[in-house]
Each structure stands twice: as structure tokens, then as C-alpha cells.
Amino acid sequence: MAGRERNFFKIMENETVFNLNERIGEWREGLASSAAFKADDLEQLEGHLRDSMAALQTKGLSAREAFWVARDRLGTAGELSGEFAKVNAGAVWPDRILWMLIGYLWLGAAKMLANAVSLMGTAMFRLALKGDGLLGPVSLALVLITFVGVLWGAWRSTKSPKGAVPRLVEWMKRHPVLTGLGVFSISMGNFLLVVLSVKALPEPVFITLVPWRSITFDICSLIIYPVALGWLLARSKPKMVVE
Amino acid sequence: MISKELVAASTVPLVLSVLASGENYGYALIQEVRELSEGRIVWTEGMLYPVLHWMEEEGLIESEWKEAESGRRRKYYRLRREGRKALESERREWLAVNATFSKLWKTKPFLT
């Protein structure tokens, strides 16, 4: 009986020892991870948060309650970074252009992978089937599935900052030379793969497959690039956002 | 609650008007507007700062960091001459709209 009571009080004690500065620090770190905020902006926002908390506490809220209410009133990280990005465009655009460059690299890498998978797959398929009839559709299907699959997977992982793609992007920003070498090696590797698979397919078959694949890639790019550009350009002056 | 569009449209004129009576900083500005509007105009607080930055870029207001008693820094804003001109023109526009509504709704206009 006594043991359980002691546990209860220990839990209460941990709850009330509310490390204010740590929480505020975490909140600020979360914002700082976006390129939209300058150091001065963060200082202004933190000052505001603290003023807001002080006012709430004089009204009778606990430190913890004041923190959550003040934080909520300030706005979500998404809303804030959206509006601040419009005024801090000088810092945000190089970041965006880097992302566009990375996007371009990804499209290229996805294309290469799709090409390689398609050619190898078609070659193996041909060996298995001993007939050339279905090679066209098979090749096209492999290209589409791989290309779309890689892009969708990459896009999915950008949704969270801990995803594979954002972490890779951070690494690429810090190691530009290694990134260049990496891209070159992938390109070389892909070239070798293509050469090997071409050996497994007869020339006339290979010649008919290639244009179809190019058209598929070009159609996808025709859709992807304008959509991405339009989304990036849909920016205007900042306005007061209310829920 | 006042519509999003009205809140957005009135933000700049409200800031200009409050600063007309003297320099002020972000948090106090928001409190002032909330009190004056009797709680009907409630801004998402963090959103005010990008608007203030934009107004500063447009040359309507200027800012200065000042140290508060707590040792923390606060950015104070005040109106520039272009800001006073902008305020005048906003005043004329809003009063014109107000006068029109007063005639239609047969209410007394607030003319000062």
C-alpha cells in the first residue's frame, strides 16, 4: 500500500517539474530546422512566446498550460514557415533551387534505374519465353513500374524530416564532391548494365524498344516539371492567416 | 468571428493605426488590437511578424531592437512618413466603404 502511494507521488513530482527552457528550446529547434527563419525571427518569436506565457500565468495558468496555449496561439510550424518563407525569400530560394537540382538528379537516376531494370528484365523474360511477341509491353511495363515506383517512394520519404531522402539531401549538401563522384559512378554502373543487357537482346528488338521508353520518360517529365514549377511559383505577399 | 478575408484585409491598416499613436512591439500590438476589437479580431499571433517584415520592406515602418528590463531584446516598430501616407489612404478607403454601408443600413456612420 505504502509503496504504491510513493510511486504516485513520484509521478506527480515529475509532472510538476516542468523544464520550461528545455521545452521552449525544443520548439525553437523545430522551427530552426526550416530555411524559412532567420536567427532574428526566431528571437522575436521566442520573445513573443515568453511574453504570452507570462501573461497567461498571471491569469492563473500553470507554466505547462501557459506553454501549450501560447504555442498554439503562435501558430503551427507549417503555417509559420510558410509565411516567413515569403519574406525571407533570399535564404529560401537557394534552398529551393538545391531541391530542384536534387529533384532533377533523382529523375535522372530513376530513369537510369528503370532503363536498366527494364532491359535486364526483358532479356531474362525473353530467355524464359523463347518468343519475342510480348517483349514490347513487358519492357514498357517494367519501365513504368520502376520509374513511378522510385519517384513515389522518394516523395513519400520527404514527408518526414527523418525520412531517407531528406537525410540523404542533408548529406549531399555537406559533401558536394562525394555527391558528384557518386552520381558519376551510378551513371557508369548504369551504362555497364545497359551494355550487358543489350548483349542479351537481338538488335532489331532493342531498336524498337528504345523509342517507346524514351517517350514514356518524356511524357512523365512533361507532367512532372510544370506541376513542380507551378507549385513552387504559387507564392504571393504574406497575409494574416487565421484558422 | 470575423471572416478570414476581412481579418486579412484589415491587418495592415490596423497595424498602421496602432503605430500612429506611438512605437510598439509585436506582442503588445496584438493585445491592443484584441482589446480594441473586444475579442472579435483574433490574429494567429506568429503570422503578424512576416506582415511586419513585409511592411518594413515596403518602407511603411522601421524597426529598432531595444533591451527590455529582463535583459531580453525586443524589436520595436514605428511609422515612417510613407506609413503615415499609407494610413491616410487606408482611412479614406475604409471610411468610404463605411459611409456607403451606413446609408444602406440606415445606421449612424462613425465619422471623425
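**Helical chain A and the mixed fold of chain B**

From the N terminus on, the elements of chain A run α-α-α-α-α-α-α-α-α-α in this predicted model. Chain A thus comprises 10 helices and zero strands. Of its 243 residues, 30% count as buried. Among the contacts in chain A that link residues at least 6 apart in sequence, 69% join residues at least 24 apart.

Chain B contains an open sheet of three strands in the order β1-β3-β2, with antiparallel pairing. Strands β1 (24–25) and β2 (61–67) of chain B stand at the edges, and because each has a single partner strand, one side of each is left without a neighbour in the sheet. The pairing of β2(B) with β3(B) (residues 73–79) is antiparallel and extends over seven bridges. Within this pair, B:S63 stands opposite B:Y77, and B:E67 has B:R73 as its bridge partner. The two strands form a hairpin with five residues between them. In the turn of this hairpin, B:G71 has a positive phi of about 95°. On the other side of the sheet order, β1(B) is joined to β3(B) by two bridges, and these strands likewise run antiparallel. Here B:N24 stands opposite B:Y77 in β3(B). B:Y77 is therefore placed opposite both B:S63 and B:N24, as expected from the order β1-β3-β2. Strand β3(B) is mostly covered, with five of its seven residues buried.Helix α1 (residues 4–20) of chain B lies across β1, β2 and β3 of chain B and runs at about 95° to β3(B). Helix α1(B) also packs against helix α2 (residues 26–36) of chain B, at an angle of about 105° and with the axes 11 Å apart. Because of this angle, α1(B) is roughly perpendicular to α2(B). In this contact, B:L14, B:V15 and B:V18 of α1(B) meet B:L29, B:E32 and B:V33 of α2(B). The residues involved divide into five nonpolar, no polar and one charged.

Helix α3 (residues 48–57) of chain B is mostly covered, eight of its 10 residues being buried. The buried residues are B:L48, B:Y49, B:P50, B:V51, B:L52, B:H53, B:W54 and B:M55. Their cover includes elements of both chains: α3 (39–58) and α5 (77–87) of chain A, together with α1, α2, β2 and β3 of chain B. The helix α1(B) that lies across the sheet is also among the elements covering the buried residues of α3(B). Just after α3(B), B:G59 adopts a positive phi of about 85°.

Helix α4 (residues 81–105) of chain B holds B:S102. This serine, B:S102, is buried, with a relative accessible area of 5%. A polar atom of the B:S102 side chain lies 2.8 Å from the backbone oxygen of B:N98.

How values were computed: Residues numbered from 1 in each chain as written. Chains lettered and ligands numbered in written order. Predicted model: local features only at pLDDT ≥ 70, side-chain atom pairs only at ≥ 80, totals over all residues. Heavy atoms only, no water. Helix = DSSP H or I, 4+ residues; strand = E, 2+ residues; numbered from the N terminus. Buried < 20%, exposed > 50% of the residue type's maximum accessible area, 1.4 Å probe, protein only. Polar contact = N/O pair within 3.5 Å; in protein donor to acceptor, adjacent residues only side chain to side chain. Pairing = 2+ DSSP bridges. Contact = heavy atoms within 4.5 Å. Axes fitted to C-alpha atoms, helices over the stretch in contact; angles between N-to-C directions. Parallel < 35°, antiparallel > 145°, perpendicular 65-115°, else oblique. Nonpolar A, V, L, I, M, F, W, Y, C, P; charged D, E, K, R; others polar.
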